[in-house]
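Visitor: Could you walk me through this one? I have the sequence and the model open.

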Amino acid sequence: MTGQNGAQIDYSPHHKVNLVLNTDERRRVMGYLAAHFVGESQQASAAIHSYTTLDAKIGYRVNGAENPWTISLAATNLLDDRHSEYVDTVNVLSSAKYAEAQRRTLWLRVDGKF
């Protein structure tokens, strides 16, 4: 994103693309796959390099539509891409200029109606 003078706005990446495939959650087996690309961005003189992450989820619905229970396994940052997401300007005492992205995280979820 650029400002009125044509210069790139701080924290604004050159490109950002999200691609999501999601199944119908009314089915017994459900899935979700998402790829996120964020292009390089600038903050003053510091560059934040581009990165790509991949998130996924697979779930299974138990019981019928009136009393559904779902068991699912999800992962964020599946490829464990170690990248910086923004310049840390909140903590002025910190010597780190970048905040590290969340590492690969796995989730097990059980939910339902009763």
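Guide: What follows goes from the strands to the sheet and then to burial and surface. This is a predicted model, in which local features need pLDDT of at least 70 and side-chain atom pairs count only at pLDDT 80 or more, while totals for chains, interfaces and linings use all residues. Residues are numbered from 1 along each chain as its sequence is written, and side-chain values use heavy atoms, with hydrogens and water left out.

Visitor: How many helices and strands are there in the protein chain?

Guide: The protein chain has zero helices and nine strands, where helices (H or I, at least four residues) and strands (E, at least two) are DSSP runs numbered from the N terminus.

Visitor: And which strands form the open sheet?

Guide: Five strands form it, in the order β1-β2-β5-β6-β9, with antiparallel pairing; two strands pair if DSSP finds at least two bridges between them. The edge strands, each pairing on one side only, are β1 (16-22) and β9 (105-112).

Visitor: How many bridges join β5 to β6?

Guide: Strand β5 (residues 51-62) and strand β6 (residues 69-76) run antiparallel and are joined by seven bridges. V62 has W69 in β6 as its bridge partner.

Visitor: Changing topic, what percentage of the residues count as buried?

Guide: Of the 114 residues in the protein chain, 24% count as buried, meaning under 20% relative accessible area with a 1.4 Å probe, protein chains only.

Visitor: What about the accessible surface?

Guide: By the Shrake-Rupley method with a 1.4 Å probe, the accessible surface of the protein chain comes to about 8,400 Å², and 57% of that belongs to carbon and sulfur atoms.

Note on methods
Buried < 20%, exposed > 50% of the residue type's maximum accessible area, 1.4 Å probe, protein only.
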